[in-house]
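Reader: I would like to learn how to read the backbone and the ligand site of a model. Where should I start?

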Amino acid sequence: MLAIIGGTGLTQLANLEITHRQVMRTPYGEPSGAITFGRLRQHEVMFLARHGYGHTIPPHEVNYRANLWALHEQGVTRIVSVASVGGIRADLSPGVIVVPDQIIDYTYGRAVTYFDGRDRPVTHIDFTQPYNPKLRQQILDAAQCAGEACRDGGVYAATQGPRLETAAEVNRLERDGADMVGMTGMPEASLAKELGLSYAAIAVVVNHAAGRGSSRDGVHLETISAVTQPAMARVRNILECVVGSDGD
Ligand code: HPA
């Protein structure tokens, strides 16, 4: 079963025929909200709003462990994460949709693993490929089927937030090899891997990263929602095609 975790600008799926919602508790606390169950183009899916349905939970306070645990417990095997990012690479300007293939993690102080505590075995997951290649390809194929342009690959830098970056920090991210920057990609991706879930992301560029392009003198937050709304409508078109793709 496929689940979609929606980020900023995607707190609900307009085209989802909702069947029911379920509030869950996990050993790690409560997820960001009730899990929404429904059908998208006749296919059963689950949906969870990462920041809560009223967008009240900032990136560093999202209970990533509870979110993924709850979805896993409900029988989810594939997760498509939708997240907004700032574009660092010159061609990643506002409105562009990307399926990243790599991550650099700059977050700190977040609960990053299910394998902690003295009663758990020391466990190191392989994270060479943070995103599931098959699911990435299914998203790219879905974008093509939906007629929506989508970039294949890019390095996602996960920053701590909630503040945006300084221009010098963005320069450093670029020197490190990052193409885009967001605040929620980690530890979501590695926790999904710890649970054995297929996980991939759709990143939506909603602004030039700090110090770049139209954000040269500052990131103009007031212009972001004008970009986000039409871009998320395109993401919904892609998601409608992803749900029809084969499971694992
Ligand atoms: N930086 C970090 N996270 C973001 C940005 C950004 O510029 N835009 C959207 N999410």
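**Backbone and ligand site**

Author: Start with P187, in the loop between strand 10 (180–182) and helix 4 (188–194). Helices (H or I, at least four residues) and strands (E, at least two) are DSSP runs numbered from the N terminus. The peptide bond from M186 to P187 is cis, with omega near 5 degrees. This is a predicted model, in which local features need pLDDT of at least 70, side-chain atom pairs count only at pLDDT 80 or more, and totals for chains, interfaces and linings use all residues. Numbering runs from 1 along each chain as its sequence is written, and side-chain values use heavy atoms, without hydrogens and water.

Reader: Which peptide bond is cis with omega near 0 degrees?

Author: The one from G161 to P162. P162 belongs to the loop between strand 9 (155–158) and helix 3 (167–176).

Reader: What is the phi of R41, and what is that of Q42?

Author: R41 has a positive phi of about 50 degrees, and Q42 one of about 75 degrees; R41 is not a glycine, nor is Q42. R41 sits in the loop between strand 3 (35–40) and strand 4 (43–49), and Q42 is also found between strand 3 and strand 4.

Reader: Which residues surround the ligand?

Author: Take residues with a heavy atom within 4 Å. The shell includes S84, G86, E165, V181 and N207. Strand 5 (78–87) gives the most, with three residues.

Reader: Which polar contacts does E165 make with the ligand?

Author: A polar contact here is a pair of N or O atoms within 3.5 Å. A side-chain N or O atom of E165 is 2.8 Å from a ligand nitrogen. For the backbone of G86, the distance to a ligand nitrogen is 3.3 Å.

Definitions and conventions. A polar contact is a pair of N or O atoms within 3.5 Å; within protein, one must be able to donate a hydrogen and the other to accept it, and residues adjacent in sequence count only if both atoms are side-chain atoms.
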